[in-house]
Amino acid sequence: MRVLVASAVALAAALAPTPAFAAPTTVVVQGLNNPRGLAFGPDGALYVAEAGKGGNGPCFPGPEGGESCFGTTGALARIKNGTLTRVVTGLPSLAAPDGSGAIGPSDVSFLGLGLLTTGLGANPDLRAQLPAAGQKLGSLFTFVPGPVTPAPTLKRVADISAYEKAHNPDGGEIDSNPQSVVPGPGGLAVTDAGGNSLLGVSASGAIKTLAVFPERDGFQAVPTGVAYYQGAYYVAQLTGFPFPKGAARIYRVVPGHQPQIVAQGLTNLIDVAIAPNGTLYALEIAHEGLLSPVPSGRLLKIRPGQSPVTIAGGLVLPGGLALHEGYAYISDCGVCAGGGQIVRVPL
């Protein structure tokens, strides 16, 4: 199951990214192209994965209808002291002809080195029909964070989509869309939203299945965000078509054990983060469901045994979440070409 839907993409492209928030917010930077996952690096800068805005082609049927065209407009952006610099450019991107709803760079994280995932949203065989740059889709890369001169280079350490093609952990349609990446004990964990799996990646690039999230009640799980806390991974679930309201969950995954539900009754989760005190924060891309007339996202605080508390509402199809020094940083209008922004919300 793919993460984006054409109806929501078309709506977001028409919206100005000036939502009414439930908490005081600060716009950190504007003018981003489909911003998704974000994280603070060891150099104190905020890094953002920009999925780009596609290009002139070749073009293919989009994952949820319409047309999706290839280009090399994806980027890794670095924000330091209010200044935005795209430190890596020319990355692969698939998007609608107007540049909205792109699939490309999807998340960034750090374990000394920087970590960057690229999505795909299709059968891995699609890459054979793309120019050479398209082979970077569906993969996990490392880079050296820091000064922008010389620009950091990416090194592919794992082909996530090739693993889906070879192993198909959930046994369903072969479809791969790597999303979030997070460090954990002994390596990294990556969610494959298309493959409905959580995958472990070792320092050598070896991949193994940590968990599978099966179809239930007629829709696919679509794992999106992942966070790590005290021996376990926490995985957010989008839920596939028809994107039912209240059906999303957050799972706790201890490698070697079955996933356990730690939060439910949520809607279309796109990311999750955990504060040092163990408080969960969940980002809904559309809290009334992606098929609602005006999808509006929100950030929730979740504590055991308590109802979720809305920290910020009125978000325009947000794409990623990071916590830093008492604030949440959110990539807002995460399916907008040129209209994406990063906002900061006090926790």
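Here is a short chat about the disulfides and some paired strands in this predicted model.

Me: Before we start, how are things numbered and filtered here?
Reply: Residues count from 1 along each chain as its sequence is written, and side-chain values use heavy atoms, with hydrogens and water left out. As the model is predicted, local features need pLDDT of at least 70 and side-chain atom pairs count only at pLDDT 80 or more, while totals for chains, interfaces and linings use all residues.

Me: What makes cysteine 59 and cysteine 69 a disulfide?
Reply: The term asks for a pair of cysteine sulfur atoms within 2.5 Å. Here the S to S distance is 2.0 Å, so the pair meets the definition. The link is right-handed, with 105° about the S-S bond. It connects distant parts of the chain, 10 residues apart: cysteine 59 lies in strand β4 (residues 59-61) and cysteine 69 in strand β5 (residues 67-80). Strands here are DSSP runs of E with at least two residues, numbered from the N terminus.

Me: Why is cysteine 59 called partly exposed?
Reply: Buried means under 20% relative accessible area, exposed means over 50%, and partly exposed lies in between (1.4 Å probe, protein chains only). Cysteine 59 has 33%, so it is partly exposed.

Me: And is cysteine 69 buried or exposed?
Reply: Cysteine 69 has a relative accessible area of 5%, so it is buried.

Me: How many disulfides are there in the whole structure?
Reply: A search finds 2. Cysteine 333 and cysteine 336 form a disulfide too, with their sulfur atoms 1.9 Å apart. This link is left-handed, with -50° about the S-S bond, and both of its cysteines are buried. With the bonded cysteines numbered in sequence order, the pairing reads 1-2, 3-4.

Me: Why is strand β8 described as largely enclosed by the rest of the structure?
Reply: Strand β8 covers residues 113-118, and 5 of its 6 residues are buried, so the description follows.

Me: How do you know that β8 pairs with strand β7?
Reply: Two strands pair if DSSP finds at least two bridges between them. Strand β7 (residues 105-111) is joined to β8 by 6 bridges, and the two run antiparallel. One of the links has phenylalanine 110 with glycine 114 of β8 as its bridge partner. In their hairpin, which has 1 residue between the strands, glycine 112 takes a positive phi near 75°.

Me: What joins β8 to strand β9?
Reply: There are 4 bridges between β8 and β9 (residues 140-143), and these strands run antiparallel. Leucine 115 has threonine 142 in β9 as its bridge partner.
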